[in-house]
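Student: I'm new to this one. Could you take a close look at one part for me, the place where two helices pack together, and then show me how the rest fits around that part?

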Amino acid sequence: MSGRTRVKFCGLTRPEDVDAAVAAGADALGFVLWPGSKRALDEQRLAELSERVPAFVTRVGLFVDPDPGLVARSAEHLDLLQFHGDESPADCEAAGRPWIKALRMRDGLDLHAAAEVYGGARALLLDAYRPGVPGGTGETFDWSRIPAGLAKPVILAGGLSADNVAEAIAAVAPFAVDVSGGIEAAPGIKDAARMAAFLRAVRRADDARFDA
Ligand SMILES: O=C(O)c1ccccc1N[C@@H]1O[C@H](COP(=O)(O)O)[C@@H](O)[C@H]1O
């Protein structure tokens, strides 16, 4: 799959951050609906933030082993569901909405097999593995572990920032990149300058890739 690298900014909690992310040129915005996160939103806040998002920017809801009722209620404010826990393919399908599956890159994970198991996913999001933490660690993983020719589009996540995203794109050529901590001033507080710098770094990496 080719084309420019899509960019998702995740963990938005404030209206001004939504506006800044859209202005910077993000393709997708992530809203964390897992109550254990420092970036968690309640349903009322999700509705408020979601309303600000213009057409052609994808609203993504992030869940970790959620209660199906929460998914069903949140879904009206979302375009895509991101499952970041131990959900089965049936769990991911249950809401009847487009979804992606996050996989944490623990030792021995077979990505070709996972792509088959999660055959209904629109993409696989690959994140760093830290025991006991479902994601958002700010840590990278060894990108060379991602095999070529996966049957699903890859969304690369985990410890990305304006400083390393170009290297990541050159190494992996992912369909998309996803960042949370690397564009923050503080947990849950995005930084407009860091968001803009991240997008610029992605654009430069794409220019280098397509001009090569
Ligand atoms: O952001 C969180 O709090 C979070 C909680 C539980 C699961 C995933 C979470 N975030 C996602 O993790 C990856 C990597 O984040 P980072 O860039 O390393 O901070 C990304 O998809 C976040 O959306």
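Tutor: Let's begin with the helix pair and then move outwards.

A word on the model first. It is a predicted one, where local features need pLDDT of at least 70 and side-chain atom pairs count only at pLDDT 80 or more, while totals for chains, interfaces and linings use all residues. Residues are numbered from 1 along each chain as its sequence is written.

Two packed helices are described by the angle between their axes and the distance between the axes. Here the pair is α6 (residues 165–172) and α7 (residues 192–211), whose axes come within 8 Å and cross at roughly 35 degrees. (Helices are DSSP runs of H or I with at least four residues, strands are runs of E with at least two, and both are numbered from the N terminus. Axes are lines fitted to C-alpha atoms, for helices over the stretch in contact, with angles running from 0 to 180 degrees between N-to-C directions.) The crossing of α6 and α7 is right-handed, meaning that the near helix is turned clockwise from the far one by less than a right angle.

Which residues make the contact? On the α6 side they are Val165, Ala166, Ile169 and Ala170, and on the α7 side Phe198, Ala201, Val202, Arg204, Ala205 and Arg209. Two residues are in contact if their C-beta atoms, placed from the backbone, lie within 7 Å. Sorted by class, this contact has 8 nonpolar residues, 2 charged ones and no polar ones. (Ala, Val, Leu, Ile, Met, Phe, Trp, Tyr, Cys and Pro count as nonpolar, Asp, Glu, Lys and Arg as charged, and the others, Gly among them, as polar.)

Now follow the chain out of α6. Ala173 sits in the loop between α6 and β8, and it has a positive phi of about 45 degrees although it is not a glycine. Ala173 counts as partly exposed because it has 17 C-beta neighbours inside 10 Å. The cut-offs are 20 or more other C-beta atoms within 10 Å for buried, 12 or fewer for exposed, and partly exposed in between, with C-beta atoms placed from the backbone. Phe56, in the loop between α2 (43–51) and β3 (58–63), also has a positive phi without being a glycine, at about 75 degrees. With 7 C-beta neighbours inside 10 Å, Phe56 counts as exposed.

The strand after that Ala173 loop, β8 (176–179), takes us to the ligand: β8, β2 (28–32) and β6 (124–127) each supply at least two residues of the shell around it. In total 26 residues surround the ligand, and the closest are Cys10, Ser37, Gly135, Gly136 and Gly181. (A residue is near a molecule if its C-beta atom, placed from the backbone, lies within 6 Å of it.) The shell divides into 10 nonpolar, 13 polar and 3 charged residues.

From β6, the loop to β7 (154–156) holds Gly132, which is exposed, with 4 other C-beta atoms within 10 Å.

Finally, step back to the whole chain. It has 7 helices and 10 strands. Its radius of gyration is 16 Å, close to the 17 Å that the globule rule gives for 212 residues, so the chain is as compact as a globular protein of that length. That radius is taken over C-alpha atoms, and the rule is 2.2 Å times the number of residues to the power 0.38. Buried residues make up 40% of the 212.
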